[in-house]
Amino acid sequence: MNAILLSFATFFSTCFGGLFALRFRSKLHLIMGFTAGVLIGVVCFDLLPAMFEAMEGLSHGMRVSAFAMLVVGFLFFYILEKLFLLLQARQGRQDVMTHHHPVIGVASALAFAGHSFLEGIEIGAGFQVSPTLGLLVAFAVILHDVGDGLNTMTLLLLNKLTRPQAFRLLLLVAVAPILGAASTLLIKIPEGQMPLYLGFLAGFLLYIGASHVLPEAHQEKSSIFTLVLTVLGAAFAYVVTTLIG
């Protein structure tokens, strides 16, 4: 029950991050610069080390499969984006031949919701081990979800969703940890499959951060300040990850 109660705090931290991005939409290129740094930092300082740790003791084939899922995560959203844009172009809609479309935003939000659901499971699993561990995991997830809310809202606005649509999807991401924590009362995540999930998520975030958000941040209003914010975003991810560790 403590896990579920603390997971409600992640709801508010996610919403705070999302509303911050929504409030300062006119400065979206600066937010995107920071967000790109956070996304790349999360991959390098959090997801990949976690994947390596989860692969300890596993067979060579499972390790290769985890890296294969990283490639799949990267290419899946790239191919999804390009196929959709090519389909629209064949229908005579040349105006959509850009990297921005609501379908990509929705796919991104659903991926973040899945990630947040597993974070809720982590909180519940921590409390199954000990109350102290559960509290530490919950604190880390609460801090991390501020960035998740910021990233989610940024990607939704970048891909031309309306404010009501973006807010509804933000709520989905915010509710996901609560559902994940509640699910630990009934199920337990299979540890052997965790490297595959972490690999897929790392590939997805790497594509979104390096090939989608970062170029957009510097497309029209590139500046030294934007570069500094990108570095600060990566540093922020490093500091939070170090505190978690």
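When I say "helix" today, I mean a DSSP run of H or I at least four residues long, and helices are numbered from the N terminus. With that in hand, hello everyone, and please keep in mind that what we have here is a predicted model.

Let's start with the whole chain. How many helices and strands does the secondary structure come to? Eight helices and zero strands. Read from the N terminus on, the elements go α-α-α-α-α-α-α-α, which makes for a pleasantly easy line to memorise. The chain has 245 residues, and 47% of them count as buried. About 12100 Å² of the chain is exposed, with 72% of that supplied by carbon and sulfur atoms. And if you take the contacts between residues at least 6 apart in sequence, 83% join residues at least 24 apart.

Now a word from the records. An unreviewed UniProt entry places the feature "transmembrane region" at residues 31-52, 64-80, 166-187, 194-212 and 224-244. Let's see what the model does in two of those stretches. Over residues 166-187, the chain is 82% helix and 0% strand, and the C-alpha atoms at the two ends are 31 Å apart. Over residues 194-212, we get 100% helix and 0% strand, with end C-alpha atoms 26 Å apart.

Next, let's walk through some of the helices, beginning with helix 1. Helix 1 covers residues 2-23, and because each residue should add 1.5 Å, its 22 residues should span 32 Å; the end C-alpha atoms are indeed 32 Å apart, so the two agree. Which residues of helix 1 are buried? The list includes Ala3, Ile4, Ser7, Thr10 and Phe11, and further along Gly17, Gly18, Ala21 and Leu22.

On to helix 3, which takes in residues 60-90 and is home to Leu75. Is Leu75 buried, exposed or in between? Leu75 has a relative accessible area of 37%, so we call it partly exposed. Leu75 also has company at the surface: together with Val71, Tyr78, Ile79 and Leu83, it makes a nonpolar patch of about 440 Å².

Helix 4 runs over residues 102-129, and Gly114 lies in it. Gly114 has 31% relative accessibility, so this glycine counts as partly exposed. Where does the chain come back to Gly114? At Ala176, for one: the pair are 62 residues apart in sequence, yet 7.3 Å apart in space, C-alpha to C-alpha.

In helix 5, residues 131-158, have a look at Gly147. Its relative accessibility is 9%, so Gly147 counts as buried. Gly147 and Val42 are separated by 105 residues in sequence and by 9.8 Å in space, again C-alpha to C-alpha.

Finally, helix 6, residues 163-183, gives us two leucines to talk about, and Leu179 is one of them. At 48% relative accessibility, Leu179 counts as partly exposed, because the label "exposed" asks for over 50%. Its partner in space is Phe8: 171 residues apart in sequence, and 9.9 Å from C-alpha to C-alpha.

The other leucine in helix 6 is Leu169. Leu169 has 14% relative accessibility, so it counts as buried. What is Leu169 in contact with, once we leave aside neighbours within four places in sequence? The answer is Val106, Ala109, Leu156 and Leu161. Leu169 is also 9.5 Å from Gly105, C-alpha to C-alpha, with their positions 64 residues apart in sequence.

So, to take home: eight helices, zero strands, and contacts of which 83% join residues at least 24 apart, among those at least 6 apart in sequence. Thanks for listening, and do go and find Leu169 in helix 6 for yourselves.

How values were computed:
Residues are numbered from 1 along each chain as its sequence is written. This is a predicted model: local features need pLDDT of at least 70, side-chain atom pairs count only at pLDDT 80 or more; totals for chains, interfaces and linings use all residues. Side-chain values use heavy atoms; hydrogens and water are left out. Patches are made of residues with over 30% relative accessible area and no salt bridge: like charges are joined within 9 Å, nonpolar side chains (Val, Leu, Ile, Met, Phe, Trp, Tyr) within 5 Å. Accessible areas come from the Shrake-Rupley method with a 1.4 Å probe; for residues, only the protein chains shown count as cover. A salt bridge is a side-chain nitrogen of Lys or Arg within 4 Å of a carboxyl oxygen of Asp or Glu. Buried means under 20% relative accessible area, exposed over 50%, partly exposed in between (1.4 Å probe, protein chains only). Contact means heavy atoms within 4.5 Å. UniProt positions are given in the numbering used here, feature names are shortened, and annotations may be inferred rather than shown by experiment. The expected span of a helix is 1.5 Å times one less than its number of residues.
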